[in-house]
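Work through the exercises below with the sequence and the model side by side. Try each task yourself before reading its solution.

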Amino acid sequence: MRETVVLTGMILTASPMKEYDRRVELLTRERGRISAFAQGARKVGSALSACTLPFTFGEFSLYEGRNSYNVKSAAIKKFFGEIAQDYDMACYASYFAEMAQYLTKENMEAPEELLLLYVTLLAMQNKRVPFRLVRVVYEMRMMMATGQGLELFECLRCRQAGTRAVYFAEGGLICDGCAAKDKELKRIYPFILSADALYSLQYILSSPLERLYSFTVIDSVQEELERFMRSYLGRYLPHHFKSLDFI
Ligand SMILES: [Zn+2]
């Protein structure tokens, strides 16, 4: 007898297998990223057809095999159907899924990552926050959730607040006084954030997930945040996300 497990999660990707099957990648609260097979999911009338589409969120019943899972059934809690109908939203959602896939691990619980992805798709669907800002917020929080966050509240060395100079190589803020004492740092140009951009980033890092998408920024701050994220991710995530080619 194969064991059955019930996991809460979201389908990140789905690809065709054989004639009628589907292979899916799921981000689950309890076991992080897993891949599973859905036998017959592409047959007309299959009960697994709808619940194995990307961005389906729910409780998945899976047979646990030695090397992989098989989807037995699923109780759908939320399906983001709007994503498939809006090209821009689909591009961003694919990127968010690809980033989650890249940054999460197998057999390591991922409650924060899963909830982040969920509230992010919800924010796009509600269209209260521009997609470009959604992207900054998602990237920032996903990096934090997966252990690659930056210290943006106080100087890493003396723990004093008030500085806006970010040294990516060091992992966050370092004040002028501490930087002057360090031979290495004196040769590096930090990223100096504006007060507004720093405040936005601090909000992103500290807000409860349910309130994460409750602010907007003016264009100049948006552009600054994007420049900041390019430097940050360029250094911390040397990976080409295929879905970014469409954004
Ligand atoms: Zn300092």
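**Exercise 1.** Which residues of α2 are buried?

*Solution.* Before starting, note that this is a predicted model, in which local features need pLDDT of at least 70 and side-chain atom pairs count only at pLDDT 80 or more, while totals for chains, interfaces and linings use all residues. Residues are numbered from 1 along each chain as its sequence is written.

Step one is to settle the terms: helices (H or I, at least four residues) and strands (E, at least two) are DSSP runs, numbered from the N terminus. A residue is buried if 20 or more other C-beta atoms, placed from the backbone, lie within 10 Å of its own, exposed if 12 or fewer, and partly exposed in between.

Step two is to apply the rule, and the buried residues of α2 turn out to be Y92, A93, S94, Y95, F96, A97, M99 and A100. Step three is to ask what covers these residues, and the cover includes β1, β2, α1 (82–85), α3 (111–126) and α4. In the chain as a whole, buried residues make up 32% of the 247 residues.

**Exercise 2.** Describe how the strands of the barrel are ordered and paired.

*Solution.* Begin with the order: five strands form a closed barrel that runs β1-β2-β3-β5-β4, with mixed pairing. From one strand to the next, the twist averages 45°, where angles run from 0 to 180 degrees between N-to-C directions and axes are lines fitted to C-alpha atoms, for helices over the stretch in contact.

Next, take the pairs one by one, remembering that two strands pair if DSSP finds at least two bridges between them. Strands β1 and β2 run antiparallel and are joined by eight bridges, with G9 standing opposite T28 in β2. These two strands form a hairpin with three residues between them, and K18 in the turn has a positive phi of about 45°. Strands β1 and β4 also pair in the antiparallel sense, over eight bridges, and the partner of V6 in β4 is S61. By contrast, β3 (residues 32–38) and β5 (residues 69–79) pair in the parallel sense over two bridges, and F37 has N70 of β5 as its bridge partner.

Finally, add the helix: α2 (residues 87–103) packs on the sheet and touches β1, β2 and β3, its direction making about 125° with that of β1. Contact here means that the C-beta atoms of two residues, placed from the backbone, lie within 7 Å.

**Exercise 3.** Work out how helices α4 and α8 meet.

*Solution.* First look at the axes of α4 (residues 131–145) and α8 (residues 219–236), which come within 10 Å and cross at roughly 35°. Then list the residues that make the contact: α4 supplies R132, L133, V136, E139 and M143, and α8 supplies Q222, L225, E226, M229, L233 and Y236. The spacing along a helix can be read with one rule in mind: an α-helix has 3.6 residues a turn, so residues three or four places apart point the same way.

**Exercise 4.** Is F55 buried or exposed, and is K127 buried or exposed?

*Solution.* Start with F55, which lies in the loop between β3 and β4 (56–64) and has a positive phi, near 75°, although F55 is a residue other than glycine. F55 counts as buried because it has 24 C-beta neighbours inside 10 Å. Turn then to K127, in the loop between α3 and α4, where phi is positive at about 55° although K127 is not a glycine. K127 counts as exposed because it has 12 C-beta neighbours inside 10 Å.
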